[in-house]
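Here are some exercises on how the chains of one model meet. Keep the viewer open and work through them at your own pace.

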Amino acid sequence: MADKPRLKLPKEAKKGDVIEIKTLVQHPMETGLRKDAGGNVIPRKIVNKFSATFNGAPLFSAELEPAVAANPYLQFTAKIDQGGTFRFTWVDDDGTVTTAEETITVT
Amino acid sequence: MQRGLFLGPAAIALVALATLALPRLAATAPDPGAAPLATGDASARPWKRYPGWPSRDSVKFNTLANPNVSPPAPKEPRKLTKPLAGDPAIGAKLVADRTRGGSCLACHVMGQAGNADMPGNVGPDLSEIGNAGLDDDTLFNFVNDARVYNAESVMPPWGTNGLFSDEEIGHIVAFLKTLKSPAVFPTSVDDPSKRPPPVEHRDNLDEMVNPGLWTVEKAQQLWDARGPTGSSCAGCHGQAAERFKTWAAGMPKWEPRLDKVLGIEEFVYRHAKATTGFDWLMQSSENTAMAVYLRFLANGQAMHVDVTSPGAKEAFERGRALTATKVGQLNFSCLDCHDPKRGGLKWIRGQWLGEQRGQLDHFPTWRTSQQAIWDIRKRFEWCNVAVWANELPPEAKEYGDLELYLASVNAGLKLNVPGIRH
Amino acid sequence: MNRISRRDAVLMGASATLYLSVADVGAALATPPEAEAEIAKFTGGKPAQDGKIAIDLPEIAENGNTIPLAITVNVPISQDSYVSDILVVADGNPNPGIAKFHLTPLSGRAEVGTRIRLATTENVIVVAKTSDGKLYTDRKQVKVTIGGCGG
């Protein structure tokens, strides 16, 4: 994953609001089905797992296959009853783990 | 008597001027008409077609630089000397064969040919042409070279240009004669007359949507980077965002020193080379990043290019003529696909053909089909190759004339770069 | 199973960045029964009710590389019964699986969005499971277009 992940979510919410969270990470999501100019199969290399927690508790997770488009984009929701910290994690086929965090306050 | 430096009023004024002059030089964007420009090739040499693009050499057919080499249209329809003994089953395959320049289904609905899977509608629906009372000679000549009936025909000269042999045209004619009832489409979107034209909803400037935007960050780094001469863009131009709020909206421009129209991409190469020493060849990732960035800074500005000054006026006229110039083995001009009086605002297969206005405000664009940012010159090259014509190198003066004309057609539209498109 | 057919190998040169060359559906692409097998693994073979899942997909995709997909499961959500898993498969891709999403009571709504790849015109099938074992499914066909003259 080349750059830092990109996140879009509100910085604050009213108690009980359901907010939208958008996440994106730069990654070619190489399917393992393509061949290079020499005819050799380009090996598969994808982000295969994503997870989001809020204040340490599981919120949302995804298992991804090569049919997810390059630069995987994931949008999901969260019901906000208290302020706290989101933690997002992406796992590559090769074991690389990328994380990002974002906080939200309740007004 | 005390000795000291006496600064009379004139001297004070001189000193004041000297100290003001230095920051003023850095604070004023130099007049682009005087911008140093390197000469020579602006793109990679030898110019080689991109790997992965169709590799045919169409040297026997027109290019925009060489528009008089294609075989001429026959002066009159050919008379068949023996009956066509075509096989409609072979014809049915040929009209649906994408490797043969389309073929027919790209532009025509033809009954159940190709399972009526998203045929196009640039040309008339031929599903009932078997009932139209046309004899074999007429059908043959239409396919062989429709220019004998209509000199302005959009139809490729399938026979004259060697796309189909006489025998194959015979098979196609035999198939056409079997078409006697309307097509039955698998779904309503397969019917080009019912298919809704695509509407672009994406926000070009949403980084969650457009990977093209990420190149702006790269360009910002390049702006500050020092080249082999020790200079950087920032060194003369200061903060890019303030200096270039409108510049890109006035490009491309006639450049008398080079006797051609200069687009932003070519300008970036020549100017960066002449000042910083950087070798940002056209269509390199650095060049494309800068070309995106300079327009991005002028986003929201209405495009407005000069087409009346000496040099520009002639280039504009040449550009207009180029849009009507037939090129390639498929013998298409820009207008054949992009003028609503011809193929514009119609479907070829499942692709919508846009008109000229609305095409340039979002270039360079991220192409989802290519997973890369393309500038307008690369788009021109691809269009040429797609109609089986040889492309020109990116800095070809013909592409410059074309870009200037296209920019004038897009005048008033607000820059919205980078785009995101198919 | 060999997933790359001769056709794909030929066309990969022409459009190497495409997920898979777009052409007639051939032996290398998965079939509806393979997609159904994936679904059966998820549902345990139990029937799923249709009509509760809104699938937002374009009728015609501009190409197969990046197609926006949004899913909303319109069923009531409570601590005792919430959408816990959503399976997305396709019946004409080299492999049927696209993604599996796992939601919690913290999710608030059963709404997911992503962007997917489709090799050809095919159906995208969504199956949703709730924490108390209810199953829902819906599907949508997407036409994947190809260039008009090979361009």
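## Exercise 1: Chain A against chain B

Eleven residues of chain A are in contact with seven residues of chain B, where contact means heavy atoms within 4.5 Å. The model is predicted: local features need pLDDT of at least 70 and side-chain atom pairs count only at pLDDT 80 or more, while totals for chains, interfaces and linings use all residues. Residues are numbered from 1 along each chain as its sequence is written, chains are lettered from A and ligands numbered from 1 in the order in which they are written, and side-chain values use heavy atoms, with hydrogens and water left out.

Task: describe the area and the polar links between chain A and chain B.

Solution.

1. Start with the area: chain A and chain B bury about 740 Å² between them, 59% of it on carbon and sulfur atoms. Buried area is the accessible area (1.4 Å probe) that two parts lose on being put together, summed over both.
2. Next, look for salt bridges (a side-chain nitrogen of Lys or Arg within 4 Å of a carboxyl oxygen of Asp or Glu). The rule finds three across this interface, including one between the side chains of A:R6 and B:E207 at 2.6 Å, N to O.
3. Then place the chain A side on its strands (E runs in DSSP of at least two residues, numbered from the N terminus). Both β1 (6-8) and β3 (18-24) of chain A supply at least two residues each to the side that touches chain B.
4. Finish with the classes: that side of chain A has four nonpolar, three polar and four charged residues. Here Ala, Val, Leu, Ile, Met, Phe, Trp, Tyr, Cys and Pro count as nonpolar, Asp, Glu, Lys and Arg as charged, and the others, Gly among them, as polar.

## Exercise 2: Chain A against chain C

Task: work out which residues of chain A lose the most area to chain C, and which strand of chain C is joined to β5(A).

Solution.

1. Count first: 33 residues from chain A and 31 residues from chain C take part in the contact.
2. About 2700 Å² is buried between chain A and chain C, with carbon and sulfur atoms giving 54%. On the chain A side, A:L33, A:E63 and A:A67 lose the most, together 23% of what that side buries.
3. Now the salt bridges: the count between chain A and chain C is zero.
4. Lastly, follow the strands: five bridges join β5(A) to β5 (residues 97-103) of chain C, and the two run antiparallel. Strands pair if DSSP finds at least two bridges between them. For A:F60, the bridge partner in β5(C) is C:L103.

Technical notes: Helices (H or I, at least four residues) and strands (E, at least two) are DSSP runs, numbered from the N terminus.
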